[in-house]
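Me: Please take one helix packing and look at it closely, giving the cut-offs behind each term. Then connect it to the rest of the fold in one continuous account.

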Amino acid sequence: MMKQLQVCALTLLAAIAVSVSGCSYCGAPGREAAAPEGEFSIAELKAALRGERWEDRLAAVGQMKTRDDIPSGERIEILAEALAHEVTIQDPLRAEGSYLSATDIVRVHLTRDLGELGRDARETLRESLDQASGEARDRLILALGHAGDQSVSAEILKLLEGSENVAIRMEAARVLGLLDYREAIEALERALEDPAVVSAQGHLRSYTIYPVREQAAGALLRLGVQVGRNDQGELEIEGRNE
Amino acid sequence: MGFLSLRRMGLLLLIVLVPRSGSPEILAQDEVNVVHGRIRYREVGPSAVPGGVMSLLEGAAAPVYIARLQNLLTLLLELPQTQDISGMKEAGEWMNKGIPVNLAEMLPISSHYWAELEFDLEGDGANFKLASGRLRWGAKRSGNLSYNGAQMNEAFSGQGTYVLDPAKDKIELRFDVFSEPPSQQLLISLRHPLPLNGESSWSGPENIFKISMDAKEGIMSLAGEALGKPLTSVGFPSPLMINDTPFDWGIDLAQSGRHRLNGIEVWRTISDSEATLDYDLYYECGAAWEEPKEGLMTFDEGDTGTLEVSSYLNVTPFDFGSDLGWTMPEIDGSRRTLDPGDPNGWWFVDSRFEGLPADNNAFGEKELMAEFQTLGDQCKDPPKKELRFLYSREAMNNPDGDVPNWFYYWKQTRAGQGHAAAMEYDPNCTNSEDRQVLGHYNGYVDPALARTIYICNLGNVDFTGSNMLTSRTFEGIDLFGRIVLHEWTHLENYWDWWGEGGYRAASDRDDDDIPDDREAGYGLSPILQDTLGLGYVDSEYPAYLQDNTWVIGSADKEDWANPGKQSGE
């Protein structure tokens, strides 16, 4: 069941990845695949990554992911610069229907895309890490985790336990699961009681979510720990109270 | 030398005189070109039309003619020092210097001659001569004089047409477009028969004599009696033929000066008639759009929604504007008024549309046309004017009146995806600095609303929005299409997942609105609210993936908003 769940989640992520150039998942009759959009020059991309509108920054991040004409190392450098800029932005605007702010979502995309690129150019990603500080450094560590670099597992565990940034703790929990870092199980179990809570308005209704607990539960499931919800809807380790 | 000869001599002197002043440099070109022309000539005065017995009175004015001819000859000798004689008016003024006589006031004769010419000139680009043409003319003369029991009367009139003969009739045009300012000479000297009809009579006191002159088609004969005896009794032939062919009559004028393709000139002739020349020269007969300059026509933002379109054509020659027929665009569902009410025969039309139509398809591209009706074979019609009728995007002057125009019309398009009846505009969506809402679906909150989707004011985000998962950006009607698709996916999912029974929290442990037993089908966890960790509850992911399939540009051709995809802005 757990393995099946992992595969399914990966399937949906893959669908999201391909949806930039066409949806292979939805396939509604009569709808065509999305048309390729105009591509920017590198200079234009860099400018867009520093744009005032989050929509422009997010679009540029999305385009970088598919720009195979630019070497992975160069793309990492550009995205690392963009990340360093992004973490300086103070904008509380919450993205449509989301419980995260728009800039948090751009940061998540930057982190995961850097990790994706880092699979082929891990050294470049490490070099970027050496030059970074603060949240940018934290996210580059997480990106290395997304790239499968086990050597940063302990640092990511520290982020889960010590970062004051909810979005960092959330992503750290997730990456620890992806890295299959079993030493993190206890910390992840503790994270099921992380106090961070967000009330948000979705397209359907308002809802409350504990972001760190959610990702900690997902990581535990990947690590083979059975997690469930009690009658109050709270996440808990299954069988612990039996 | 009779007075007709004096008159003719004066006219010829004038046309010799005028072109000598300011004579333009002639620049010949190799190419043969055609200049078309229209002239209206009118002369009103005692000697504008030849007459009968009362012409004797004009003979009495011969000293005046002679004095004026002398002035002209003097002027001719003084040239080229005198440079200000550029037309008939200046020449006439010079001619009359020192001769304060107005024959038109003195002679009891009135006459009116008019001629309309249409002609083609051929030339090398600078020198043009008559190639062909046609003249319509009309003439009328009347007079009445009584003195000491004697009586003089006459009344003649006629009209006709005449085909210009390039071998003897002269219309010449010379251009110097390179001079500063560009200059031209226009010379006209032509003659045509003047077949008048009418009669003239002169009777002495107590009918001591009586003379009559009859004109039939220009042939004049004289008959009479003296002391009660016919003139034939004293040897006169009966009738006495004055002339056996009609008089030749016509136009002699010259103009020299600034290059002008049309104009009106008024002057006094040697016999104090008032002459008017109205000429129009053109290379090509046709019409060109002056207005509207742009093709985009947008209803205003007022409550009624009005649109005014001014159409104006530059017609060459100007008079031909009366031959234009119009095809004016209409907008079904909008009241159109035209000024003038029947625009045919006018070179301008103002259209006013009141009220926006109910149907989006009533907007869009329409043709404005004007065509020459009877002159179509010789005049070039203006090209069809492509107009694009638009509405103001954010105004609320559509027939509904309570929703913005973009919502009212876009839902009718492909972007509405056939869901117009199930779609409502929500002006109260909570958008603020920290929250952005573009649409919503309320079936989970109230099952009574489970068949309706809500679209928020997209103006709050400047009609630009991104899919947060795929980072694609959507603008204008594409954003609308994306939001409709997103919310409609929620609606479809609701009915697919929960059906008539509605949402049941017991079947949704993670509170993400997807039934636990359906989550795996989407690759999602039944116990995680945000399986992917991207910032949304799981029920949003299928909707975001679906709305990303909206094909950008697929509704562009139906977007008549301004600004919008068809407005170019």
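Reply: In this predicted model, helix α7(A) passes helix α9(A) in a left-handed crossing, a term used when the near helix is turned anticlockwise from the far one by less than a right angle, clockwise being right-handed. The two helices, residues 134–146 and 166–178 of chain A, pack at an angle of about 20 degrees with their axes 9 Å apart; axes are lines fitted to C-alpha atoms over the stretch in contact, and angles run from 0 to 180 degrees between N-to-C directions. α7(A) and α9(A) are therefore roughly parallel to each other, the label for angles under 35 degrees, while over 145 is roughly antiparallel, 65 to 115 roughly perpendicular and the rest oblique. Helices here are DSSP runs of H or I with at least four residues, and strands are runs of E with at least two, numbered from the N terminus.

On the α7(A) side the contact (heavy atoms within 4.5 Å) is made by A:Glu135, A:Asp138, A:Arg139, A:Leu142, A:Gly145 and A:His146, and they meet A:Ala167, A:Ile168, A:Glu171, A:Ala172, A:Val175 and A:Leu178 of α9(A).

Turning to the interior, the largest nonpolar core has 152 residues, and A:Ile156, A:Leu160 and B:Trp326 are among those with the most contacts inside it. Such a core is a set of buried Ala, Val, Leu, Ile, Met, Phe, Trp, Tyr and Cys residues joined through side-chain atoms within 4.5 Å, where buried means under 20% relative accessible area, exposed over 50% and partly exposed in between, with a 1.4 Å probe and protein chains only. Its largest share, ten residues, comes from helix α7 (residues 477–497) of chain B. Because domain 2 (286–392) and domain 3 (405–562) of chain B both give residues to this core, it lies between them; these bounds come from an automatic or database domain assignment.

Two buried residues of chain B have backbone angles to note. B:Gln417, in the loop between α6 (405–410) and β23 (423–425), has a positive phi of about 55 degrees although it is not a glycine, and its relative accessible area is 17%. B:Phe463, in the loop between β25 (453–455) and β26 (464–466), has a positive phi near 55 degrees and a relative accessible area of 2%.

Residues are numbered from 1 along each chain as its sequence is written, with chains lettered from A and ligands numbered from 1 in the order in which they are written. Local features need pLDDT of at least 70 and side-chain atom pairs count only at pLDDT 80 or more, whereas totals for chains, interfaces and linings use all residues, and side-chain values use heavy atoms, leaving out hydrogens and water.
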